[in-house]
Amino acid sequence: MTARPEVGCGAAIFDDSGRLLLIQRLTEPEAGAWGLPGGKIDFGEPARETAGREIAEELGIEIEVGKLACISEIINAGDGRHWVSPIFFARLVSGEPRLMEPGKHGGFGWFSLDALPPSITTPTKALLNAL
């Protein structure tokens with residue numbers, strides 16, 4: 001089998017105060033870093049739908065997915081894999097974020113762009129560069 005890039009997606013969700021919702025990863029790639037919520041795109045599933053599904057699974061919230069913010073690429077960030085991920089702007093539609101997958105995530109929080117955690121993921125850096 002030939003190694004191929006995998007496809008994930010994420011969402012940049014800002015609150016009314018301009019804070020960004022981040023989740024702490026416990027697994028590779030980039031274990032321990034804080035990043036945008038999202039996940040792996042399933043075959044045949046549009047990326048926008050994946051963003052909504054993954055974020056509901058991770059944080060128990062419903063989002064409205066907006067326009068494309070940027071594309072992120074991670075090549076061997078601790079797991080030997082190659083990920084390509086569209087990142088979408090999104091807004092919270094309903095629910096309050098809560099940790100739904102404690103085995104995968106160490107926590108979540110709303111962060112001001114000038115007070116981000118010291119360790120952030122590659123997709124989060126790509127978003128910041130796009131802003």
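**Exercise 1.** Which residues does L128 touch, not counting residues up to four places away in sequence?

*Solution.* Start with touching: it means heavy atoms within 4.5 Å. With residues up to four places away left out, L128 touches L113, L116 and I120. Next, place the residue: L128 sits in helix 2 (residues 122–130). Helices here are DSSP runs of H or I with at least four residues, strands are E runs of at least two, and both are numbered from the N terminus.

Before going on, note that this is a predicted model: local features need pLDDT of at least 70, side-chain atom pairs count only at pLDDT 80 or more, and totals for chains, interfaces and linings use all residues. Residues are numbered from 1 along each chain as its sequence is written, and side-chain values use heavy atoms, leaving out hydrogens and water.

**Exercise 2.** Why does L128 count as partly exposed?

*Solution.* Look up the cut-offs: buried is under 20% relative accessible area, exposed is over 50%, and partly exposed is in between (1.4 Å probe, protein chains only). L128 has a relative accessible area of 27%, so it is partly exposed.

**Exercise 3.** In what order do the 4 strands of the open sheet run?

*Solution.* The order is 4-1-6-5, with mixed pairing. Two strands pair if DSSP finds at least two bridges between them. Now find the edges: strand 4 (38–40) and strand 5 (62–75) each pair on one side only. Then zoom in on one pairing: strand 5 and strand 6 (residues 82–94) run antiparallel over 11 bridges. For instance, E64 has R91 in strand 6 as its bridge partner. Finally, add a helix: helix 2 packs on the sheet and touches strand 1, strand 5 and strand 6.

**Exercise 4.** Which residues make up the largest nonpolar core?

*Solution.* A nonpolar core is a set of buried Ala, Val, Leu, Ile, Met, Phe, Trp, Tyr and Cys residues joined through side-chain atoms within 4.5 Å. The largest has 11 residues: A12, L20, L22, W34, L36, A69, C70, I87, F111, A126 and L127. Strand 2 (20–25), strand 5 and helix 2 are the elements giving two or more residues to this core. Another core, of 9 residues, lies apart from it, and includes A11, I61, I63 and A90.

Try one member, L20: beyond its neighbours within four places in sequence, L20 is in contact with residues including A12, L36, F111 and L127. Two other members, W34 and F111, are both buried.

How values were computed. Axes are lines fitted to C-alpha atoms, for helices over the stretch in contact, and angles run from 0 to 180 degrees between N-to-C directions.
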